[in-house]
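The following exercises concern a protein assembly and the way its chains meet. Each task is followed by a solution in steps.

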2 protein chains.
Amino acid sequence: MIKNMTEDQITLYIIKALKENRHKEFEAMIDELQPYDIAKIYEELPLKHKKRFLLYLNIDSLADLMQELTKEDQLDVLNKLGIEKSAKVLDEMDNDDLASLLDDLSPEKITILLSKMKKEESDIVQDIMNYPAETAGRLMTNRFVWIRDYYSTREAVAKLKTFADFAETINYLYVVDQNRQLVGVVSYRDLLMAEPTELIRNIMYERVISAHVETDQEEVARLIERYDFLAIPVVDEDKTLVGIITVDDVIDIVIKEANEDIEKLSASGKSIDFDTPAFVAAYRRLPWLILLLFIGLISGSIISGYEETLEKVVALAFFMPMIAGMTGNTGTQSLAVVVRGLVSNDIDKNVVSRLVLRETGVGILIGLTCGVLISIIAYVWRGDPILGLVVGASLLLTLIIGTLAGTVIPLILYRFNIDPAIASGPLITTLNDIFSLVTYFGIATMFIQYLM
Amino acid sequence: MIKNMTEDQITLYIIKALKENRHKEFEAMIDELQPYDIAKIYEELPLKHKKRFLLYLNIDSLADLMQELTKEDQLDVLNKLGIEKSAKVLDEMDNDDLASLLDDLSPEKITILLSKMKKEESDIVQDIMNYPAETAGRLMTNRFVWIRDYYSTREAVAKLKTFADFAETINYLYVVDQNRQLVGVVSYRDLLMAEPTELIRNIMYERVISAHVETDQEEVARLIERYDFLAIPVVDEDKTLVGIITVDDVIDIVIKEANEDIEKLSASGKSIDFDTPAFVAAYRRLPWLILLLFIGLISGSIISGYEETLEKVVALAFFMPMIAGMTGNTGTQSLAVVVRGLVSNDIDKNVVSRLVLRETGVGILIGLTCGVLISIIAYVWRGDPILGLVVGASLLLTLIIGTLAGTVIPLILYRFNIDPAIASGPLITTLNDIFSLVTYFGIATMFIQYLM
């Protein structure tokens, strides 16, 4: 029946079951749903039904639900459940999700919740919370199965069966020695195909790709992406296996990092989404805009330095926005190429010098094309060949400068370990405004006697 | 031994094995390496060793290697292997990788290779190549295990064991009826925990989340990301199960789509990376730049329409770049919020009107702050309160217009099924240049008698 029901029908069915106290039907329905769907239904449920909905869910389903909710909803659920039941739900949550939830609570609330949780679970989550944000340690879960290398295949399968419910992934079994140090990995597929009496040490891979607890999350994502893994083990300083990171967390990281790059490139400020209130969004966007306002005033003072030139040939002003704009555009293009290139390339001197050389070439090619084009247009429009020459030569030069600025500035920032995406499009554009105006008015002033 | 070797040591070891014809040692080493590592080594191998390297690899390893190489290297490997061996390798490759490889070959070459392949494999890849690019059909593989709902758990496990080597993922078994229509799914974990005599129909989920063959790849990625799946089944019009898509392909899609968004937002043109030659990069970037050049000239002709105003008060030119720049900046910020928001939000009238209202609010708040600030600065700098007022009022207005342009233009494009990221930062910036200059000179001309 359920397989042909639409989402709305399912929600109505659940509301009906809640109203009429039919716990059995409610549970049968929930059993067929994915955590994401349960969360969607919970979010859309009328407020008056939410409490009973939570009451009807068992601890496992509550833990699943929690992991799909936003921070606000998570806190709301904890409040509705009360401390005792909350602690039980937290026991069942993945440590990484739990750590990121606890992060936002008050210290008192954390202490109360942790004290009510199972000791082993609260110890683990506290360990995780000690790692720096955005590292492997912060993302890992302890819900994995480890085996020893003297196990037979049969023993390994038996252990896995016992822990299947607990483990986040059953694809890989990690092999540790007596000190819990990681020494190998066996895929479950290899176990299936091996003889039951075969020893693990004979079928395991010894060259295990692993992440260190302090490895940056972007690096972890790159490893999983390169190797097409479903999970990667995490080790600490003395190679002790402390957790695993699963591929679903990696997808979330990849999306988050890409969004952050775009936010920075557009200087749009952190975490503005469709639901951010206008006041908050404006507050987050303003710092960059005010900085750019002041940098923009530098352009103004440069032009005011050429007041005399401009008074003599007002037509020079007509080409100002085009020249400044084009310089900004080519800079933004180069910037985007560099910022995304840094994500997937390993950078050394060789790569940098090749890239700068390449972009110089691009700048010259683009500059020549656009410069010749605008010379002709300016000449035809204003009937003044010298004006055409001045505008064309300026555009040639500023396009080369703009292209290089968009390349070199992010590379320098990267060199000094500053996120290159901070050199946002607007920043590069505004800087290029200045470069281009100095060039343009400089050249125009040199030719001023021919222009009048 | 191998587990402590660096990458360079491994490469040297392999070169030595190749030189000294030690096939056994070569194979033992390859067995311990991941496909990605094998590909890295192959790429870095001196040319003279490459042929023997390929000769020493078995068909399975060659198929693994192929899947990690760039298009150029893949074609090179096929040439080195010759038609017969190539066909054997292609038989072992995942269909989705194979389809994208064949895409780039000449029709004659495709015909020859397909005719040498196993019939069932070549039929499947030809089917896949018939689906439009960037759809689920194009990404799916047929290497999955299906079962019937009357199987017992024991029978299902037995079938999985037989196919473990063949299947791309062993996490889910898809349940089909006599017409091969998808009717359920069982996770391997559930199989492990069920009684051996339990029937599949009693433990399977009936509400299977699936993708249609023509579902867009971004939508597939969203499904896998939401549900934290390791694979998703693909069905055709009559619900027949035709393939599965695995999570590793989804990560690649997510990265590719994010890069494409950034390319478009910065108008940097398709697929320019660190290795693109200058000439090609310039060629790909020029179309946008030339379009923007002409739009930029519109600004010029607008200013020339206000030549009289400008001749009277040259100081107006000083604030031109700042006003045009700021309008572009706020537009870029809004654009980024909208473009990334469209990736993860479902859009309806409600969402759109709330968003436009929000951005109007943001525009007013930003406009008031920056407008008041610049009024004061302009007054202090030029000693003219009316100039301050004109500049401030213009900035207030242009920031509201710019913010709305950055919001509304991508939404309109989206409404008409045009990719909103095409409304790149540079395009919005250049359009906003025009809006802002009209506003600025319009207001200045209104107040011209007070400005002189």
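**Exercise 1. Salt bridges and polar contacts across the interface**

Task: State how many salt bridges the rule finds across the interface of chain B and chain A, and examine the pair A:Glu307 and B:Arg382.

Solution. In this predicted model, four salt bridges are found by the rule between chain B and chain A. The side chains of A:Glu307 and B:Arg382 form a salt bridge with an N to O distance of 4.0 Å. The criterion asks for a side-chain nitrogen of Lys or Arg within 4 Å of a carboxyl oxygen of Asp or Glu. As for polar contacts, 20 residue pairs, both members at pLDDT 80 or more, are counted between the two chains. Helix H17 (residues 278-305) of chain B supplies 19 residues to the side of chain B that touches chain A, the largest share. By class, that side comprises 73 nonpolar, 23 polar and 29 charged residues.

**Exercise 2. Extent of the interface**

Task: Determine how many residues are in contact and what area is buried between chain B and chain A.

Solution. Contact involves 125 residues of chain B and 125 residues of chain A. The buried area between these chains is about 10800 Å², and carbon and sulfur atoms give 68% of that area. On the side of chain B, the residues B:Arg207, B:Phe274 and B:Arg285 supply 9% of the area that this chain buries against chain A, more than any other three residues.

**Exercise 3. Relation of the two copies**

Task: Identify the operation that superposes chain B on chain A.

Solution. In general, two copies of a chain are related by a rotation about an axis and a shift along it. Here the rotation is 180 degrees and the shift along the axis is 0.1 Å, with an RMSD of 0.1 Å. The two copies are therefore related as by a two-fold rotation axis. The same surface serves both copies, since 100% of the contact residues of chain B recur in chain A.

**Exercise 4. A salt bridge within one chain**

Task: Explain why B:Lys119 and B:Asp123 are separated by about one helical turn.

Solution. Over all chains, the structure holds 32 salt bridges. In one of them, the side chains of B:Lys119 and B:Asp123 meet at 2.6 Å, N to O. Both residues belong to helix H10 (residues 119-129) of chain B and are four residues apart, which means that about one helical turn separates them.

**Exercise 5. Annotated spans of chain A**

Task: Compile the helix and strand content of the spans that UniProt lists for "domain: CBS" in chain A, and of two spans annotated "transmembrane region".

Solution. The unreviewed UniProt entry lists residues 140-203 and 204-262 for "domain: CBS".

- Residues 140-203 of chain A: 33% helix, 22% strand, end C-alpha atoms 26 Å apart.
- Residues 204-262 of chain A: 46% helix, 22% strand, end C-alpha atoms 42 Å apart.

The "transmembrane region" annotation, also from the unreviewed entry, includes residues 286-306 and 355-380 of chain A.

- Residues 286-306 of chain A: 95% helix, 0% strand, end C-alpha atoms 31 Å apart.
- Residues 355-380 of chain A: 100% helix, 0% strand, end C-alpha atoms 37 Å apart.

Conventions:
Residues numbered from 1 in each chain as written. Chains lettered and ligands numbered in written order. Predicted model: local features only at pLDDT ≥ 70, side-chain atom pairs only at ≥ 80, totals over all residues. Heavy atoms only, no water. UniProt positions renumbered as here; feature names shortened; annotations may be inferred. Helix = DSSP H or I, 4+ residues; strand = E, 2+ residues; numbered from the N terminus. Least-squares fit on C-alpha atoms with pLDDT ≥ 70 in both. Contact = heavy atoms within 4.5 Å. Buried area = accessible area lost by both parts, 1.4 Å probe. Polar contact = N/O pair within 3.5 Å; in protein donor to acceptor, adjacent residues only side chain to side chain. Nonpolar A, V, L, I, M, F, W, Y, C, P; charged D, E, K, R; others polar.
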